[in-house]
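User: Hi, I'm new to reading protein models and would like some help with this one. Can we go through it together, one step at a time?

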Amino acid sequence: MEFKYLTCKCGDFMHTVRFTLDTEDGELWIETHMNHELPWYMRAWVALRYVLAMPTKYGHFDVSMIEPKDVGDLRDMLDCAEALQSKTMASRTLRQTQEKHVTTNEVL
Ligand SMILES: [Zn+2]
């Protein structure tokens, strides 16, 4: 696993996001913090609105702004994920082709 933490341009630690790259198969995902700044009853109200699918002005998501200095690192991570996923897909396709070939030969 490879991790990249991006600190939001505003500097708020709660806006930090973590990109995780599975270096085996190239899966890449993003993890964010839940906002705990509101008092419990306001968080409960937000949760209830979410459960009831009530619209909000900005949606039910927070935002993190990527610093220009982090763009290159993020691009490198995305390129690595793309390369690993292509390699995994090529390997999977080759294995399926070989399995089909073996199955076809068994029938004949
Ligand atoms: Zn921020």
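User: In what order do the strands of the open sheet come, and is the pairing parallel or antiparallel?
Analyst: In this predicted model, three strands make up an open sheet in the order β1-β2-β3, and their pairing is antiparallel. The edge strands are β1, covering residues 2-6, and β3, covering 28-32, each of which pairs on one side only. On average, neighbouring strands of this sheet are turned by 20 degrees against each other, with direction ignored.

User: What actually holds strands of a sheet together, in general?
Analyst: Strands of a sheet pair through backbone hydrogen bonds, and the pairing can be either parallel or antiparallel.

User: OK, so how many bridges are there between β1 and β2?
Analyst: Five bridges link β1 to β2, which spans residues 17-21, and the two strands pair in the antiparallel sense. Among the residues involved, E2 has L21 as its bridge partner in β2, while L6 is partnered by V17.

User: And which residue of β3 is the bridge partner of L21?
Analyst: That partner is L28, and β2 and β3, which run antiparallel, are joined by five bridges. L21 is therefore a residue to look at twice, since E2 is also its bridge partner.

User: Switching topic, which residue in the hairpin of β2 and β3 takes a positive phi?
Analyst: That residue is G26, whose phi is near 85 degrees, in a hairpin that has six residues between the strands.

Technical notes
Residues numbered from 1 in each chain as written. Predicted model: local features only at pLDDT ≥ 70, side-chain atom pairs only at ≥ 80, totals over all residues. Pairing = 2+ DSSP bridges. Helix = DSSP H or I, 4+ residues; strand = E, 2+ residues; numbered from the N terminus. Axes fitted to C-alpha atoms, helices over the stretch in contact; angles between N-to-C directions.
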